[in-house]
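Visitor: I have a structure in front of me and would like to learn how to read it. Could you walk me through it, feature by feature?

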Amino acid sequence: MGGAMGAMTEGMAWSPLADLSETDDAYLVEVEVPGVKREDLDIEMTERELTITGEFKERQRTGMLRRSTRRTGRFEYRAALPGDISPENVEATLEGGVLTVKVPKADAAKPRRIEITSGQ
């Protein structure tokens, strides 16, 4: 990361827009990453934390850019999840500029219906 430009942008990761929701059997994380390719995304799962990092690449332009509010560069999203998850079964899909990561709950965390086997 040599040069002035590298030093300036280093450590300036920002957080994309994201939703974290919970279903009976999983946690769903949806992150808006319009224009980001699958190979520019990195998803890591530790015991309790999901980390999504990636990079918005600057588009090749013709003509002069008058004004831009689009963010470019590295981004990072972290979500702390309860420990009762099953990290080895995490699924991720990228569709329509939205990355969806599904983190299944561990069996112990799922609500179970208890069958009543005796009595009236």
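**A buried ring and its surroundings**

Guide: Let us start with one residue: at 1% relative accessibility, phenylalanine 75 counts as buried. Please keep in mind that this is a predicted model.

Visitor: Why does phenylalanine 75 count as buried?

Guide: The general idea is a cut-off: buried means under 20% relative accessible area. Phenylalanine 75 has 1% relative accessibility, so it counts as buried. Over the protein as a whole, 23% of the 120 residues count as buried.

Visitor: How many aromatic pairs does a search of the whole structure find?

Guide: The search finds 3 aromatic pairs. One of them joins tryptophan 14 to phenylalanine 75, at 5.9 Å centre to centre and with 50 degrees between the planes. To call such a pair tilted, we look at the planes: under 30 degrees would be stacked and over 60 edge-to-face, with the rest tilted. The pair of tryptophan 14 and phenylalanine 75 is therefore tilted.

Visitor: Which parts of the chain does this pair tie together?

Guide: Tryptophan 14 lies in the loop between α1 (3-9) and β1, while phenylalanine 75 lies in strand β5 (residues 73-80), so the pair ties together parts that are 61 residues apart in sequence. Tryptophan 14 is buried, as is phenylalanine 75.

Visitor: And what kind of pair do phenylalanine 56 and phenylalanine 75 form?

Guide: They form a tilted aromatic pair, with 5.1 Å between the centres and 50 degrees between the planes. Phenylalanine 56 belongs to strand β4 and phenylalanine 75 to strand β5, so this pair ties together parts 19 residues apart in sequence. Phenylalanine 56 has a relative accessible area of 12% and is buried. Put together, ring pairs link Trp14, Phe56 and Phe75 into a cluster.

Visitor: Now the strands. In what order do β3, β4 and β5 lie in their sheet?

Guide: A sheet is read across its strands, from one edge to the other. Here 3 strands form an open sheet in the order β3-β4-β5, with antiparallel pairing. Its edge strands are β3 (41-45) and β5, each pairing on one side only. From one strand to the next, the twist averages 10 degrees. Between β4 and β5, which run antiparallel, there are 8 bridges. Within this pairing, leucine 50 stands opposite alanine 79 in β5.

Visitor: Where does threonine 51 lie, and is it buried or exposed?

Guide: Threonine 51 lies in strand β4 (residues 49-56), and it is buried, with a relative accessible area of 13%. Its side chain is joined to that of arginine 78 by a polar contact of 3.5 Å. Leaving aside neighbours within four places in sequence, threonine 51 is in contact with Asp42, Ile43, Glu44, Glu76, Tyr77 and Arg78.

Visitor: What about the sheet that contains β1?

Guide: That one is an open sheet of 4 strands in the order β1-β2-β7-β6, and the pairing is antiparallel. β1 (18-22) and β6 (91-95) are the edge strands, each pairing on one side only. The twist averages 15 degrees from one strand to the next. β1 pairs with strand β2 (residues 26-32) over 5 bridges, and alanine 18 stands opposite valine 31 in β2.

Visitor: How do I see the whole layout?

Guide: Count the elements, then read them in order along the chain. The protein has 1 helix and 7 strands, in the pattern α-β-β-β-β-β-β-β. Among contacts between residues at least 6 apart in sequence, 54% join residues at least 24 apart.

Terms used:
Residues are numbered from 1 along each chain as its sequence is written. This is a predicted model: local features need pLDDT of at least 70, side-chain atom pairs count only at pLDDT 80 or more; totals for chains, interfaces and linings use all residues. Side-chain values use heavy atoms; hydrogens and water are left out. Two strands pair if DSSP finds at least two bridges between them. Helices (H or I, at least four residues) and strands (E, at least two) are DSSP runs, numbered from the N terminus. Axes are lines fitted to C-alpha atoms, for helices over the stretch in contact, and angles run from 0 to 180 degrees between N-to-C directions. Buried means under 20% relative accessible area, exposed over 50%, partly exposed in between (1.4 Å probe, protein chains only). A polar contact is a pair of N or O atoms within 3.5 Å; within protein, one must be able to donate a hydrogen and the other to accept it, and residues adjacent in sequence count only if both atoms are side-chain atoms. Contact means heavy atoms within 4.5 Å. Rings of Phe, Tyr and Trp (its six-membered ring) pair if their centres lie within 6.5 Å; planes under 30 degrees apart count as stacked, over 60 as edge-to-face and the rest as tilted.
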